[in-house]
2 protein chains.
Amino acid sequence: MSAAGTPVFLDAASGEPMDPVAREAYLAALEDGWADPDRLYREGRRARMLLDAAREAVAEVLRARPDETVFTTSGTAALHLAVAGLAQGRSRVSRRIVTSAVEHSAVLHAAEYTAARLGGEHVAVAVTRLGRLRVEEFAQALRGGAALACVQHANHEVGTVQPVEQAWEACLDAAGQPGGPVALLVDAAAALGRIPPPEHWSALCASARKWGGPAGVGVLAVRKGTRFAAAWPQDEREQGRAPGPVNVPAVLAAAAALRAREAERETVAARQRALVERIRAEVGRTVPDVEIVGDPERRLPHIVTFSCLYAAGEALLLELDRAGFSVSSGSSCTASTLTPSHVLEAMGVISHGNVRVSLPWRITDEEVDRFLAALPTTVARVRAEAPGGVREAGGQPSNGTGAAESRSGAGVPEAVGSGGAEPETVDALGRMCPIPVIELARRIARVPLGATIRVLADDPAARLDIPAWSELRRHSYLGETPVPERGESAVAYLVRREH
Amino acid sequence: MSAAGTPVFLDAASGEPMDPVAREAYLAALEDGWADPDRLYREGRRARMLLDAAREAVAEVLRARPDETVFTTSGTAALHLAVAGLAQGRSRVSRRIVTSAVEHSAVLHAAEYTAARLGGEHVAVAVTRLGRLRVEEFAQALRGGAALACVQHANHEVGTVQPVEQAWEACLDAAGQPGGPVALLVDAAAALGRIPPPEHWSALCASARKWGGPAGVGVLAVRKGTRFAAAWPQDEREQGRAPGPVNVPAVLAAAAALRAREAERETVAARQRALVERIRAEVGRTVPDVEIVGDPERRLPHIVTFSCLYAAGEALLLELDRAGFSVSSGSSCTASTLTPSHVLEAMGVISHGNVRVSLPWRITDEEVDRFLAALPTTVARVRAEAPGGVREAGGQPSNGTGAAESRSGAGVPEAVGSGGAEPETVDALGRMCPIPVIELARRIARVPLGATIRVLADDPAARLDIPAWSELRRHSYLGETPVPERGESAVAYLVRREH
């Protein structure tokens, strides 16, 4: 734990503690709203009345009508039901589902599943290196016909706000297609309560947990006139769009938290925007070899994500935890998953050493100060230690590999003469990220300008990190070739030294 | 409200107020278990630890292994995921889904939906007049091949305990079929915490709300070795069987409530079994023309259901509410739905005037006494008033129609001579239940023994109630014929006077 005080929670985007306002509302509703709102007796009627009021409050924030707004059992459930129901509703028009490549995994899972089920296809549209939807490619994809398009309001991992209005225009422009305008599903989970809700959508989803409400409440709003067909067993509840009983106490708590958040939204956002600005500047200044990812301007006020080159993400996360700071990571090196974050992958940025900081509602300046003070030494410590992923002895990075680098250059020692025509080979087979990149960074400085380095690696993360590092360091990434004689997943990556 | 005191809640089977033990656990978990259990930082690890403990506690009660047990967002979600996942997992063997006809609507919806999706069929097996599965017919249905069979542990509307062990044997006996034994899904939602859990099943579902836990928690246990294939978008959580984040505080509350209930189960069950015994006896003694439905012996300790002939269910429910008693009704006359309870329909019992009493965990003798004291006058009042469903003037039942009847006879005045060959016709077209039955009961007494009455009705509930009344009153139901010249849904029902 941080010597300077109590632990600091910096992963609000995963879900923050329930807001006290929500807690109070929940406890009150356990007294008055526990019954089944479909029942005719007094307890049921009271629950129905409270549920109606909660629905109106949430709909008002979404700028939706109460009868367009249903409650689901989670944000994930809302997204699954929305994707499946909208695609099914327009399946006679098209069986293609177009999404950005950086949607929440719940959208991508639902799009893949639904497209496969309907015998259609899921098209994931590329984003820029800042994580922003490429609107022209999106519009182009819609011109091929689509039942449904999905664009998040803002990205949950890097904070980039998406051009939802332009996406909406592109959906309208598709009106020339058979079936008219494409339905647009906006996933507002990361954004609601942080920035004003989007104006135009066919359907909108959100998750109470992200706005300080309880777990177990999602929202699905579907504009009147939008075709929607149940694609999962349903009942008569929530307009046949969300099966099972409504959790009335949790919905009341969710509504209370959302109202509280909306009332304070602008004040809190301004303060957090400035704090994130400071984190972006300080991290860039105090941590060497760091890539700050996501749009610096068009972003959520509370999320900042950066990648510490040559550091293993899981080690960094655990070291920060030990120092008293809870952050998230999209790194491929985390224990729970060996796949790197699909968001970082789609952006083409470094996927190792990744840290996402997302500020909870009640964060203080002092807590951010403590984090900024602890970060540089924590990163240096992780870099100095052997990365957790090394499976063989030898080839450790020199202590402070990264720290010794300058931020502007390639960050490695001067080149030593070596002018052979055969590319110099770095053998990082059997070694996990970030070792291949560390070795590449060390060796590229020793080859002449214009010479090529060949990195042998079998960790799949290398496929992202070597091109991403090359672009970041302004060397030329020349491509990859399989090396079957060195193993089934052995790949040679070629990088040319440019400066 | 009852003059004798505070309102009495008698609809525990719909969900009772959260148990104080669960409330405490929830509040504690809001402090310690609010974080995402998949995160590596301290808050996440703590949530994971608590979740693991809750899973062990629940699995132990179910006599399942923790790694067989996943949490869903409701009992409904558990049933939907179970039916779809089990049927999908064995869809190469068979695409038939066999259920009892009295399963919870969530099972029936999922079975219909899944069978249609897989291009198979849903077979609903008949029950006896006591609501008990006809095991021979069930076994016969399995012999036609089945991916999946669903049998509830006990019925949620009438309390009848099902022969789950015999159903299991029948599933095993189907081993000669290609694909081996049929998977058996047991819906334990109504029974768990009230009677010992069943011993044999392939999958078991339950709902925390029914055992005094919070809303928003279902349980799905699947025995190791049971084929299960996701039939809905999934993620890496809960073994890929229940998508979306686990609501850790609610799960902890659910586990606490279940442990508390199990610890007291036998004591409470014995007490409630005696109370229900008393209700059955007293209602039969003090309310004329009442049919008590469900198995009198093999039943849940806390549920008793009866139908008050010649009374409209909704009016009865509202009148009881006014008197301070909250009960449920499977009657076709309730406002929220015009379809009669599929359970009462499958049992072939009267579907109007239905009252389900289900005792909450902490019911007192005094509360039951008050209910029993108030019931006879309440029923008499409802019978005396015009039923709410009458759409035309005239033909009101005489005051106290029912109350004037003897329990043993047909309950109507002496027959008056009328010996024509043409059946006497009761025209109840345009009139809602229970009017057609009231008119039938009044008129049958005026025709000679062996003569036939023809009841014209267009309320769909008549299709259930006229045969059910005839059987109850030991007259002969001779069948129905459409009467298109009197309207699209006009039907003539023929009943012969037998005594």
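Student: In this predicted model, is A:Arg63 buried, partly exposed or exposed?
Tutor: The relative accessible area of A:Arg63 is 43%. Buried needs a value under 20%, and exposed one over 50%. A:Arg63 falls in between, so the residue is partly exposed.

Student: Where is A:Arg63 found?
Tutor: A:Arg63 follows helix α2(A). The next element is β2, residues 69-72. A:Arg63 is thus found in the loop between α2 and β2 of chain A.

Student: What is the phi of A:Arg63?
Tutor: Most residues other than glycine have a negative phi. A:Arg63 is not a glycine, yet its phi is positive. The value is about 55°.

Student: How far apart are the end C-alpha atoms of helix α2 of chain A, and why does that agree with the expected span?
Tutor: Helix α2(A) covers residues 42-62, which makes 21 residues. At 1.5 Å a residue, the helix should span 30 Å. The model agrees, because the end C-alpha atoms are separated by 30 Å.

Student: Which alanines of α2(A) are buried?
Tutor: The buried residues of α2(A) include A:Arg42, A:Glu43, A:Gly44 and A:Arg55. A:Leu51, A:Val58, A:Val61 and A:Leu62 are buried too. The buried alanines are A:Ala47, A:Ala54, A:Ala57 and A:Ala59.

Student: Is B:Tyr310 buried or exposed?
Tutor: B:Tyr310 sits in the loop between β10 (303-308) and α8 (313-322) of chain B. Its phi is positive, near 70°, though the residue is not glycine. The relative accessible area is 2%, under the 20% cut-off, so B:Tyr310 is buried.

Student: What is the omega of the peptide bond from A:Cys433 to A:Pro434?
Tutor: Most peptide bonds are trans. The bond from A:Cys433 to A:Pro434 is cis. A:Pro434 lies in the loop between β13 (424-428) and α11 (435-444) of chain A. Omega is near 5°.

Student: Which residues of chain B does a cis peptide bond join?
Tutor: Look in the loop between β13 (424-428) and α11 (435-444) of chain B, where B:Pro434 lies. The omega of the bond is about 5°. The joined residues are B:Cys433 and B:Pro434.

Student: Is A:Ala115 buried or exposed?
Tutor: A:Ala115 belongs to helix α4 (residues 105-118) of chain A. Its relative accessibility is 2%. Buried means under 20%, so A:Ala115 is buried.

Student: How far apart are the C-alpha atoms of A:Ala115 and A:Ala87?
Tutor: A:Ala115 and A:Ala87 are 28 residues apart along the chain. Their C-alpha atoms are separated by 8.2 Å.

Student: Which residues does A:Thr114 touch, not counting those up to four places away in sequence?
Tutor: A:Thr114 is in helix α4 of chain A. The residue is buried, at 6% relative accessible area. Beyond four places in sequence, it touches A:Val83, A:Ala84, A:Ala87 and A:Ile97.

Student: At an angle of about 25°, are helices α5 and α6 of chain A roughly parallel or roughly antiparallel?
Tutor: α5 spans residues 135-143 and α6 spans residues 164-173. Their axes are 9 Å apart. An angle of about 25° is under 35 degrees, so α5(A) and α6(A) are roughly parallel.

Student: How many residues of each class make the contact of α5(A) with α6(A)?
Tutor: α5(A) gives A:Val135, A:Phe138, A:Ala139 and A:Leu142. α6(A) gives A:Gln166, A:Ala167, A:Ala170 and A:Cys171. By class, they are seven nonpolar, one polar and no charged.

Student: Is the crossing of α7(A) and α10(A) left-handed or right-handed?
Tutor: The axes of α7 (residues 248-286) and α10 (residues 365-384) come within 10 Å and cross at roughly 15°. That makes α7(A) roughly parallel to α10(A). The crossing is right-handed.

Student: How many charged residues are in the contact of α7(A) with α10(A)?
Tutor: On α7(A), the contact residues include A:Arg271, A:Arg278 and A:Glu282. On α10(A), they include A:Asp365 and A:Asp369. Besides seven nonpolar and one polar, the charged residues number five.

Definitions and conventions:
Residues numbered from 1 in each chain as written. Chains lettered and ligands numbered in written order. Predicted model: local features only at pLDDT ≥ 70, side-chain atom pairs only at ≥ 80, totals over all residues. Heavy atoms only, no water. Helix = DSSP H or I, 4+ residues; strand = E, 2+ residues; numbered from the N terminus. Expected span 1.5 Å × (residues − 1). Buried < 20%, exposed > 50% of the residue type's maximum accessible area, 1.4 Å probe, protein only. Axes fitted to C-alpha atoms, helices over the stretch in contact; angles between N-to-C directions. Parallel < 35°, antiparallel > 145°, perpendicular 65-115°, else oblique. Contact = heavy atoms within 4.5 Å. Nonpolar A, V, L, I, M, F, W, Y, C, P; charged D, E, K, R; others polar. Left-handed = near helix turned anticlockwise from the far one by under 90°.
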